[in-house]
Amino acid sequence: MKMSRREFLITGAAAAVAAVGTVTGSTSASGVEKQSGNSGSGRLSKSTKHFDILIVGGGSAGAVLATRLSADSRRRVLLLEAGPNFAPNDYPQVLKDANIVAGSSAYDWHYHTDDAASLGHDIPVPRGRVIGGSSAVNAAVAIRARQADFARWAKRGIEGWSWEDVLAAYKSMENTPSGDDAWHGRSGPFPIRQRTAAENTPSMRAFVDGAQTLGLKHVSDFNGAEQHGAGPYTLNVVDGVRINTGMAYLTAAVRARPNVTIQGGAEVDHVVFEGKRAVGVKLVDGHVLSAGEVILASGAFGSPAILMRSGIGPAAHLSELGIATVADLPVGNRLQDHPFFYNVYALKREANAMKPASGALVWTRSQSAAPGDLDLHISGTHLIDPKVSPTGGAIVLACAVTLPRSIGQLRLSSRDPRAAPDIRYNFFDDQNDHDRLVEAVQLSRQIGRSAAFLDVVDHEMAPGNAIDDGKALRANIVSNVAAYLHPTSTVPMGAEADPTAVVDAWGKVRGVEALRVVDASIIPDIPSAPTNVTTIMVAERIAAKLSV
């Protein structure tokens with residue numbers, strides 16, 4: 001049976017959720033109407049007063065920034081989110097249910113890549129359009145980047161991000177009841193839970209057992225001392241609920257602060273400048289809001305697009321669109337994501353349990369990996385519509401190259417702020433990425449043919465037994481490659497001498513004043529892990545830097 005890439009991603013809840021309700025809040029001391037409940041349709045008052053800090057985007061980074069920066073009662077903070085502003089207890093089930101990923105078009109930006117020329121198809125890249133951002137729609141995998149990832153930052157001349165520094169920040173942001181104290185925090189705002197084998201489905205346990213029969217060690221905690229091997233996932237899921245940053249950080253107590261305003265339904269067109277100094281933003285609806293400092297936290301697609309509409313980006317590209325250049329900077333030039341391929345198996349009817357959906361991981365190294373690197377993932381999930389399986393159940397062994405060498409690019413497709421950007425991943429532009437993804441799929445299929453796994457599997461659905469492990473597999477991977485949905489590095493940080501960097505080590509945009517970017521876009525190169533926890537950590541550290 002032929003399955004679309006989207007069928008692999010969605011588990012039910014395909015219908016759009018009803019539109020958000022009316023504003024029921026009151027006007028704050030800052031002169032902006034504050035929302036309560038799930039309202040996102042309100043508009044900022046034309047009499048809005050000046051804010052000290054205006055944050056654009058309420059996702060994994062923006063929610064953290066608003067919480068930490070508003071802890072100083074003297075600082076007036078405005079958080080703008082293009083999607084609805086749900087209170088922590090008011091998220092709809094499609095966003096709370098950790099077994100559903102990107103399950104509703106109502107909370108999505110509807111982006112896709114423009115890679116048909118090189119791959120033969122475009123790639124859907126769902127992104128959360130809601131308070132909590134993509135942390136409200138993702139698979140809730142809470143795994144840190146590795147020490148080797150930050151060593152590459154140091155090689156780029158980026159200071160202040162040593163492993164010792166970031167480990168302390170990772171620990172302080174999390175609360176987890178398990179694991180070694182040397183590696184884990186107990187009292188932070190973000191819940192991280194280690195899934196156990198007993199919690200997983202029989203087929204997920206068979207996936208881990210099959211990997212171990214091939215010589216991969218068992219990993220009990222991917223956020224601990226060792227990541228090389230196979231074991232259950234570490235997740236930000238509590239009692240089946242995906243805990244996004246809107247829940248974990250923007251609590252009722254934070255929302256009650258008189259110096260913080262959270263506004264949903266507020267989509268930003270561009271940053272407003274006086275000379276080289278950012279003084280506010282203009283919304284798509286025409287409202288202009290002033291602030292002492294602007295922080296873009298709209299993600300690896302949103303932040304570079306806002307920058308370029310504001311006149312910050314490659315001058316030649318801006319000129320093509322009639323945008324006056326404020327700062328000629330290489331915005332959008334270093335886009336990366338992890339290439340992803342679905343190796344799918346129909347489960348035997350007696351073993352077709354599919355919840356919980358996110359279960360286990362193999363993390364290993366390719367034959368060409370650099371010393372100390374782990375550059376391959378095989379992610380075991382049930383994030384697939386069971387109706388596509390003839391047995392009513394399936395398991396996806398999704399293979400990824402986690403340290404790709406290929407570099408993509410992001411550009412504006414139009415000056416219109418409502419037009420999606422032109423996103424090109426250029427997967428396999430470096431042939432080694434293709435070679436390594438083939439290697440990952442071959443390993444996945446070896447696990448799929450292990451005795452432990454065959455006990456629960458009926459047959460391989462994709463790529464299917466008709467596809468051998470040679471040329472046919474290579475071609476099939478190109479035809480069906482997807483994305484792990486971890487975009488980074490479109491506004492990369494770098495040392496002063498780095499001509500490819502856009503911001504400094506703390507998110508300050510070069511060549512202008514009072515403007516920062518703090519989100520996954522500033523990560524200098526893609527880490528070998530899912531990016532959500534690292535994005536939160538980056539926001540925590542920069543917020544702490546700004547609060548000194």
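Biologist: Is Ala102 buried or exposed?

Modeller: Buried means under 20% relative accessible area, exposed over 50%, partly exposed in between (1.4 Å probe, protein chains only). Ala102 has a relative accessible area of 10%, so it counts as buried. Mind you, this is a predicted model: local features need pLDDT of at least 70, side-chain atom pairs count only at pLDDT 80 or more, and totals for chains, interfaces and linings use all residues. Residues are numbered from 1 along each chain as its sequence is written, and side-chain values use heavy atoms, with hydrogens and water left out.

Biologist: What sign does phi have at Ala102?

Modeller: Most residues other than glycine have a negative phi, and most peptide bonds are trans. Ala102 isn't a glycine, yet its phi is positive, about 50°. Leu485 does likewise, with a positive phi of about 70°, and Leu485 is buried at 17% relative accessibility.

Biologist: And which peptide bond ending at Pro356 is cis?

Modeller: The one from Lys355 to Pro356, with omega near 5°. Another cis bond joins Ala462 and Pro463, where omega is about 5°.

Biologist: How do I read a nonpolar core, and which residues have the most contacts inside the largest one?

Modeller: Think of a set of buried Ala, Val, Leu, Ile, Met, Phe, Trp, Tyr and Cys residues joined through side-chain atoms within 4.5 Å. Here the largest has 140 residues, and Ile55, Trp161, Phe207, Ile312 and Leu515 have the most contacts inside it. A second, separate core of 28 residues includes Met354, Leu361, Leu374 and Val396.
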